[in-house]
Protein chains: 2
Amino acid sequence: MVNYPIKKKRDNNTTYELNNKKIKDKNPIMANRGMNLEGLLNDSNEYYRANDIAIIHKKPIPIQIVKVDYPSRNKAVITEAYYKTPSTTDYNGIYKGKYIDFEAKENKNKTSFPLHNVHPHQVEHLKSIQRHGGIGFLIIYWIHTNQFFLYPIQKFAPHFDDYLGDGRKSIVYEDFLKEAYLIPEKYLPRLDFLSVLDEYLLK
Amino acid sequence: MVNYPIKKKRDNNTTYELNNKKIKDKNPIMANRGMNLEGLLNDSNEYYRANDIAIIHKKPIPIQIVKVDYPSRNKAVITEAYYKTPSTTDYNGIYKGKYIDFEAKENKNKTSFPLHNVHPHQVEHLKSIQRHGGIGFLIIYWIHTNQFFLYPIQKFAPHFDDYLGDGRKSIVYEDFLKEAYLIPEKYLPRLDFLSVLDEYLLK
């Protein structure tokens, strides 16, 4: 019996069994910085909640449970389950009485953001949020420039519709500079995305 | 090797392995009616979404993933995971520009609703939603009277605070009649809880 390497992912305690295959470290730059986009957002949301500024949570990962064992009366162990395609976005909540909803993505490309990273139903979801009076957007982290952008759904959607209609498959960096907003990195909160909403979207 | 009985739960395809123990059917009355509270709410939310009335989703069940296998390159099988205590509520979304947030519970008791069914952080969460300009409530189904009540958090919270301070451990049926609102059961949507918000809470 060979002992395969075990890898700990720091933000959610998941242990990956490699089964004799090497799994690429998905995000070496972020790993070095000790925090990924999800970690930064979770920290920021915790700060917002602790200071009663906004109530925003990450939704749990949708999982299809197939088998549950009950080794003892009050203990349930899930022994077979699969990741499901999410039907909505990662984060939602309330800020200044407004419903807030967004998806967070990291971009490893150097010149553009590939649109296949986003699911069509996520864009549809964000569009309907906007239609109902909420605020929908994407937070996209450019690893190579180390910039965090808030992209409002009304600016993002036309690119996505174009892509679905066999147009451009990505959004170029220049469009980010024109249509999205840079999120300031601070000490507290780490990623102050609500300050962007204050300045540009809630006026 | 004995083949243990396998039970299919109709609303989420979960298979329970009984491991030589019998698991009690949690809700025989609802099972006979072919639909439980979660099923009714999911159907109603689907109707609201399909008709662009409101965008409300059930959040995925929070699960702590411990072990993931990769039998092939693009397939991930979760082989060990546990149910986590939810940190927020089951449902949230947007209706008429308002942030909506609620928890759904079934009550098997005949004369009162036991408050240990609700987690303290869920009540705290609903209170903060209300404080931030959203609408927080509980939907509680009384199995024995076959009634669905919408209990606004501002009416529910004092009972819960009382319970945490070693007061009454439950809310009596009479208080439901005084402080909560009956949700009409219809053909479409099955549980028209938004009509209650229209009538009593959004005015």
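**Exercise 1. Locate B:Pro189 and state the geometry of the peptide bond before B:Pro189.**

Step 1. B:Pro189 sits in the loop between strand E12 (181-182) and helix H6 (193-201) of chain B. Helices (H or I, at least four residues) and strands (E, at least two) are DSSP runs, numbered from the N terminus.

Step 2. The bond from B:Leu188 to B:Pro189 is cis, with omega near -10°.

Step 3. In chain A, the bond from A:Leu188 to A:Pro189 is cis, with omega near -10°. A:Pro189 belongs to the loop between E12 and H6 of chain A.

This is a predicted model, in which local features need pLDDT of at least 70, side-chain atom pairs count only at pLDDT 80 or more, and totals for chains, interfaces and linings use all residues. Residues are numbered from 1 along each chain as its sequence is written, while chains are lettered from A and ligands numbered from 1 in the order in which they are written.

**Exercise 2. Check the length of helix H4 (residues 153-164) of chain B and find what its buried residues pack against.**

Step 1. The expected span is 1.5 Å times one less than the number of residues. For the 12 residues of H4(B) this gives 16 Å, and the end C-alpha atoms are 16 Å apart, which agrees.

Step 2. The buried residues in H4(B) are B:Ile153, B:Phe156, B:His159 and B:Phe160. A residue is buried if 20 or more other C-beta atoms lie within 10 Å of its own, exposed if 12 or fewer, and partly exposed in between, with C-beta atoms placed from the backbone.

Step 3. Seen down the axis, the buried residues of H4(B) fall within an arc of 125°, so they line one face of the helix. The arc is taken over the directions from the helix axis to the C-beta atoms.

Step 4. These residues pack against helix H3 (120-131), strand E9 (135-142), strand E10 (147-152) and strand E11 (170-172) of chain B. Two residues are in contact if their C-beta atoms, placed from the backbone, lie within 7 Å.

**Exercise 3. Classify B:Asp166 and B:Lys96 by phi and exposure.**

Step 1. B:Asp166 lies in the loop between H4 and E11 of chain B. Although not a glycine, B:Asp166 has a positive phi of about 65°.

Step 2. B:Asp166 counts as exposed because it has 7 C-beta neighbours inside 10 Å.

Step 3. B:Lys96, in the loop between E6 and strand E7 (98-107) of chain B, is not a glycine either and has a positive phi of about 50°. Its 14 C-beta neighbours inside 10 Å make B:Lys96 partly exposed.

**Exercise 4. Describe the contact between chain A and chain B.**

Step 1. Chain B gives 37 residues to the contact and chain A gives 37 residues.

Step 2. On the side of chain B that touches chain A, E5(B) has the largest share, eight residues.

Step 3. By class, that side of chain B has 19 nonpolar, 12 polar and six charged residues. Ala, Val, Leu, Ile, Met, Phe, Trp, Tyr, Cys and Pro count as nonpolar, Asp, Glu, Lys and Arg as charged, and the others, Gly among them, as polar.

Step 4. Strand E5 (residues 75-83) of chain A runs antiparallel to E5(B), joined by two bridges. Pairing requires at least two bridges found by DSSP between the strands. A:Ile78 has B:Ala81 as its bridge partner in E5(B).
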